[in-house]
Amino acid sequence: MRDLQVAVEDKEILRGVNLTVRAGETHAIMGPNGSGKSTLAYAIAGHPKYTVTGGQVLLDGADLLDMTVDERARAGLFLAMQYPVEVPGVSVSNFLRSAVTSVRGEAPKLREFAKDLKAGMDALSIDAAFAQRNLNEGFSGGEKKRHEILQLELLKPKIAVLDETDSGLDVDALRVVSEGINRFRSSGETGVLLITHYTRILRYVKPDFVHVFAGGRIVEQGGPELAEKLEAEGYEAYVKASA
Ligand code: ADP
Ligand code: MG
Ligand code: MG
């Protein structure tokens, strides 16, 4: 991301974000509520409500901002949403198979897909019955977040943007979700942008870099030790400085 600027309904939210995530790296973006973290995630993914007013977002040299949302996904971008959308009438299994087909450009063999789906669901402690349920409909917060990670594992993107995937999880679900993220990044060939409000998940998913986000830009950068400092001191000083 180079000097990314984004407005929502004519209100400037992102005020020049610069960030490079290389293959094999995990970056945590930490910031208070309303600082623009989800705006960053949505703008990268191409949500139509978020207007890019300046800057670039490159993936392997190609400008994502010139692409439609589906093209971005095929280029290797993945977004786990903070508030996953309920889609009545579409089953989890149909949704996932369609998504895998779209991203790969060809349908996976039914048997291979069924095997991968079962392995993914087992690893995330998702009950087999979920495959036939309507997408996210009536899912608990934790079930929605596990399903986001199931998508991640099946779609195997180059770069994953995870927007508060840890929020609303109990300790057991947090561990299961973190293990999924760690499996995803274990190849060392993918990048992770882990957006979070809390330091808790960073005990399970060790970031290489931590960025503090306030007022629509990165105001501080460091290693994992920065997360510990935030835990102790909070965001207040950064919010004041960015105002
Ligand atoms: P965070 O994820 O860090 O909590 P957001 O990106 O959700 O922050 O919000 C940043 C700011 O942008 C807030 O002031 C919020 O009210 C505003 N905003 C975000 N999305 C929208 C939207 N769709 N319509 C209007 N305002 C929005
Ligand atoms: Mg928020
Ligand atoms: Mg948010």
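**Exercise 1.** Which residue is the bridge partner of Ile29 in β12? Place this pair within the pairing of strand β3.

*Solution.* The model is predicted. In β12, Ile29 has His211 as its bridge partner. The pairing of the two strands is then considered as a whole: β3 and strand β12 (residues 209-214) run parallel and are joined by four bridges. Another residue to inspect is Ala28, which stands opposite Val210 in β12. Turning to strand β11 (residues 191-196), one finds that β3 pairs with β11 in the parallel sense over five bridges. Here Ala28 stands opposite Leu194.

**Exercise 2.** Determine why strand β3 is described as largely enclosed.

*Solution.* A residue counts as buried if 20 or more other C-beta atoms lie within 10 Å of its own. In strand β3 (residues 26-30), four of the five residues are buried, so the strand is largely enclosed by the rest of the structure.

**Exercise 3.** State the strand order of the open sheet that contains β3, identify its edges, and locate the helices that lie on it.

*Solution.* The sheet has six strands in the order β7-β10-β11-β3-β12-β13, and its pairing is mixed. At the edges stand β7 (77-80) and β13 (217-222); each has a single partner strand, so one side of each lacks a neighbour in the sheet. From one strand to the next, the twist averages 20 degrees.

Next come the helices. Helix α5 lies across β7 and β10 (159-163), and runs at about 165 degrees to β7. Helix α7 (residues 224-233) packs on the sheet and touches β3, β12 and β13. The direction of α7 makes about 45 degrees with that of β12.

**Exercise 4.** Describe helix α4, from its length to the distribution of its buried and exposed residues.

*Solution.* Helix α4 (residues 110-123) has 14 residues. From its first C-alpha to its last it reaches 20 Å, close to the 20 Å expected at 1.5 Å a residue. Its buried residues are Leu117, Gly120 and Met121. Viewed down the axis of α4, these buried residues fall within an arc of 95 degrees, so they line one face of the helix. What covers them includes α3 (92-104) and α5 (141-155). On the other side of α4, the residues Arg111, Glu112, Lys115, Ala119 and Asp122 are exposed. Just after the helix, Ser125 takes a positive phi of about 55 degrees.

**Exercise 5.** Which feature does UniProt place at residues 1-240, and what is the secondary-structure content there?

*Solution.* The unreviewed UniProt entry places the feature "domain: ABC transporter" at residues 1-240. Over residues 1-240 the chain is 37% helix and 27% strand. The end C-alpha atoms of this stretch are 25 Å apart.

Terms used:
Residues numbered from 1 in each chain as written. Chains lettered and ligands numbered in written order. Predicted model: local features only at pLDDT ≥ 70, side-chain atom pairs only at ≥ 80, totals over all residues. Expected span 1.5 Å × (residues − 1). Buried ≥ 20, exposed ≤ 12 C-beta atoms within 10 Å, placed from the backbone. Arc of directions from axis to C-beta. Contact = placed C-beta atoms within 7 Å. UniProt positions renumbered as here; feature names shortened; annotations may be inferred. Pairing = 2+ DSSP bridges. Axes fitted to C-alpha atoms, helices over the stretch in contact; angles between N-to-C directions.
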